[in-house]
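Subject: Structure handover

Hello,

Here is the structure for you to look at. Please open it first; my notes follow below.

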Amino acid sequence: MVTPMRPDGSIDLDAAQRVATHLVDAGHDGLVVSGTTGESPTTSAEEKDELLRAVVDAVGDRCVVIAGAGSNDTAKSVESVRHAQKAGAHAVLAVTPYYNKPPQAGLVAHFRALADASDLPVMVYDIPGRSGIAIARETYLRIAEHERITAVKDARGDLWFAGEMMQETGLDWYSGDDAMNLGHFVYGAVGFVGVTSQVAPVAYREMADAVVDSRWDDARAVHRRLVPLVNAVMNVTQGAIMAKAGLALQGVIESPSVRLPLVEADDVQTALLRDALSAVG
């Protein structure tokens, strides 16, 4: 979920509650608050806490609220997990530590430390394109032994490996790559954590329901309908920028403002997005 901001860059908690309510009304089973799409690198710990509490107050009785709590500092991440539990989160998302490239033994220790920090279930986020390191097979097997490490958000782009890990670990698998949601479903994923789904929630609900009902032709039809929109949101500029632009075009939020180093979508990008939204219907 994006973090709505006013033109001056301050967080708009009322707008955040409206976005959360809008998404749940349109079929979202859960929301991730303060993930990368929520601009977590540029929001403070206090802002993250206020945002999480606002979303929990708005929709916490209707969906799973997952708090982004990962970083490349284990001690900081542990504190984030503890604060998330106090604020009412139902689970936490823990990205692979980025930039400092820890060894696999460090990843095991990091994820276990986060899982030991609270009673909340942990969704591990594997995204080597951003973190610089992928979670190895043996690491998956070791962390899966922890009772509170229960799920994976997979954005590594390797469906064969994903299928093997689903089978070998028993972890709940979620697609973390908008372009590969349908492929992950085919291999056995139980859901997706997306960016584009914010601007087309009804269509994504249709895809998920079709998969659950084994209506694969219908799921493929939705996937194909969404291709131009996924390209517009994910392949033109940064995803949070375009998700906010899309929500603003739809009137869900008033301002598409983002914090530097992100910049708002320009006129050409916004026009591409408007056309893609119209094509989805």
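In these notes, contact means heavy atoms within 4.5 Å. By that definition, and not counting residues up to four places away in sequence, K153 touches L93, M123, V124, Y125, D126, Y174, G176 and V193.

Two points about the basis of what follows. This is a predicted model, in which local features need pLDDT of at least 70 and side-chain atom pairs count only at pLDDT 80 or more, while totals for chains, interfaces and linings use all residues. Residues are numbered from 1 along each chain as its sequence is written, and side-chain values use heavy atoms, with hydrogens and water left out.

The chain overall

The protein chain has twelve helices and seven strands; these are DSSP runs (helices H or I with at least four residues, strands E with at least two), numbered from the N terminus. Its radius of gyration is 18 Å, close to the 19 Å that the globule rule gives for 281 residues, so the chain is as compact as a globular protein of that length. That radius is taken over C-alpha atoms, and the globule rule is 2.2 Å times the number of residues to the power 0.38. The C-alpha trace spans about 45 × 45 × 35 Å along its principal axes. Of the 281 residues, 53% count as buried, where buried means under 20% relative accessible area, exposed over 50% and partly exposed in between (1.4 Å probe, protein chains only). Among contacts in the chain with a separation of 6 or more, 66% are between residues 24 or more positions apart.

Strand β4 and its partners

Strand β4 covers residues 122–126, and five of its five residues are buried. V122, V124 and D126 are on one side and M123 and Y125 on the other, so to speak of either face of β4 is to speak of a covered one. Strand β4 pairs in the parallel sense with strand β3 (residues 91–95) over four bridges and with strand β5 (residues 149–154) over five bridges; two strands pair if DSSP finds at least two bridges between them. The bridge partner of A94 in β4 is V124, and that of M123 in β5 is A151.

Helix α4 (residues 104–116) joins β3 and β4 in a right-handed β-α-β unit. Right-handed here means that, with the strands pointing away from the viewer, the path from the first strand over the helix to the second runs clockwise.

The annotated pair

The UniProt annotation "active site", from an unreviewed entry, covers Y125 and K153. They span 29 residues in sequence, yet no two of their C-alpha atoms are more than 4.7 Å apart, so they gather at one spot. UniProt positions are given in the numbering used here, feature names are shortened, and annotations may be inferred rather than shown by experiment.

Y125 lies in strand β4 and is buried, with a relative accessible area of 8%. Leaving aside neighbours within four places in sequence, Y125 is in contact with L93, A94, V95, T96, K153 and A155. K153 lies in strand β5 and counts as buried at 10% relative accessibility. The side chains of K153 and Y125 make a polar contact at 3.4 Å. A polar contact is a pair of N or O atoms within 3.5 Å; within protein, one must be able to donate a hydrogen and the other to accept it, and residues adjacent in sequence count only if both atoms are side-chain atoms.

A loop residue

Q198 lies in the loop between β7 (191–192) and α9 (201–212). At 2% relative accessibility, Q198 counts as buried. Its side chain reaches the backbone nitrogen of V2 at 2.8 Å.

Regards
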